[in-house]
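Grab a pencil and work through these short exercises. Each one comes with a solution to check yourself against.

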Amino acid sequence: MSPLVSEPRTGLFAWLASTILVVTVALSPAALAVGTVAGTDISNTASVSYELNGTPVTADSPPVVVTVAEIIDVDVTLQSPQLPVAPGDTNQAIVFTVTNTGNGTETFTLAGLSTLAGDDFDPVLSAPNALFFDTDNSGDLSPGDTPYNPGTNDPVLAPDEVITVLLANDIPAGLLDTNLGQTQLTATSTTGTGAAGTVFAGAGDGGVDAMTGSTEGEDNDVGEYIIETISVAVAKSATVSDPFGGTTPVPGAQITYQITTTVTGTGTAVGVVVDDPIPTNTTFLPASITLNGANLTDAADGDVGEFDAGVPGISVALGDLAAADGPQVVEFIVVID
């Protein structure tokens, strides 16, 4: 064990030094949060003044030096909200931060675990790497991120230093809508773990003792995936109105096409667009496009519909749709040539 105190003391000064040491030890728990950096010397000298035969005299004690030991603590905190995924998705990353909350430079090993109790399914840690450092600070898994390889590039963190870690999983097939799967990141001090107060002699910065703090040298947090199975269905029908009040598809008869788009499941279908070419041997009837019964213009202007004479065909941009939006009905009319 490395010496924490050097104490050249005698007589009254020995008592003073002992008192200082006791007070220091008694106060140490309040300094366990990062506080004074490990290896820092705390030096103190006492003095005594008195008179001898009418002459003032001052005597100083030898200095008492206390070297601050290292406290080992770490914090792992989930940064991602619940992550929507679909069955069969791969490399779905959840974001965590790892913070060295001790007062010395510390090396940590990282580990992912996805076989946790209490969820609906077990995500599968991505291979060959499931853990990445967010090297490009993008907040998601991208080609610029650095794979973590235990024992090779374990993070070495100064006091209060924070790194962002991505934990990636593959999502099994065959899961049901709203199923939940959890994954856990653990950071462990390489100096050692154990009940708070466990001492590792001489293992701290500069050879001082190291002691586990309230986190016992290890911490973890859990992120969660939710299965969102979204489906977009489209149906089309046609109604014929001939010039004589019937439904016979003769030249001059009108065909009204109805296209119904329906979203089911959870999540959002982004940028839904309905496109429909004008059939051969028919002619588009101007100003006949509607969306849910509301008229749309033929021009590419402020509304979501248009007729493109170059195709020719109609196009209606429905935008982002969820099941709660209900069926979206587009209609337009052509005339048989």
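Two residues are in contact when heavy atoms lie within 4.5 Å. Keep in mind that this is a predicted model.

**Exercise 1.** Work out where alanine 130 sits and which residues it is in contact with, leaving aside neighbours within four places in sequence.

*Solution.* Start with the chain: alanine 130 falls in the loop that links strand S11 (124–125) to strand S12 (131–133). Next, check its surface. The relative accessible area of alanine 130 is 14%, and the cut-off for buried is under 20%, so alanine 130 counts as buried. Now list the contacts: setting aside neighbours within four places, you get Leu125, Leu166, Leu167 and Ala168. Finally, try a C-alpha distance: proline 147 is 17 residues away along the chain, and its C-alpha atom lies 7.8 Å from that of alanine 130.

**Exercise 2.** Find the strand order in the open sheet that contains S22, and say which strands stand at its edges.

*Solution.* The order reads S22-S27-S26, with antiparallel pairing. S22 (269–277) and S26 (305–308) each have a single partner strand, so one side of each lacks a neighbour in the sheet; those are your edges. On average, neighbouring strands here are turned by 20° against each other, ignoring direction. Zoom in on S22 and S27 (residues 313–321): seven bridges hold this antiparallel pair. As a spot check, aspartate 276 faces isoleucine 314 in S27.

**Exercise 3.** Where does pLDDT stay under 50?

*Solution.* Begin with the whole chain: mean pLDDT is 90, and 90% of residues reach 70 or more. The stretch you want is residues 1–32, where the model has 34 contacts beyond four places in sequence.

Key: Residues numbered from 1 in each chain as written. Predicted model: local features only at pLDDT ≥ 70, side-chain atom pairs only at ≥ 80, totals over all residues. Heavy atoms only, no water. Pairing = 2+ DSSP bridges. Helix = DSSP H or I, 4+ residues; strand = E, 2+ residues; numbered from the N terminus. Axes fitted to C-alpha atoms, helices over the stretch in contact; angles between N-to-C directions. pLDDT = per-residue confidence, 0-100. Buried < 20%, exposed > 50% of the residue type's maximum accessible area, 1.4 Å probe, protein only.
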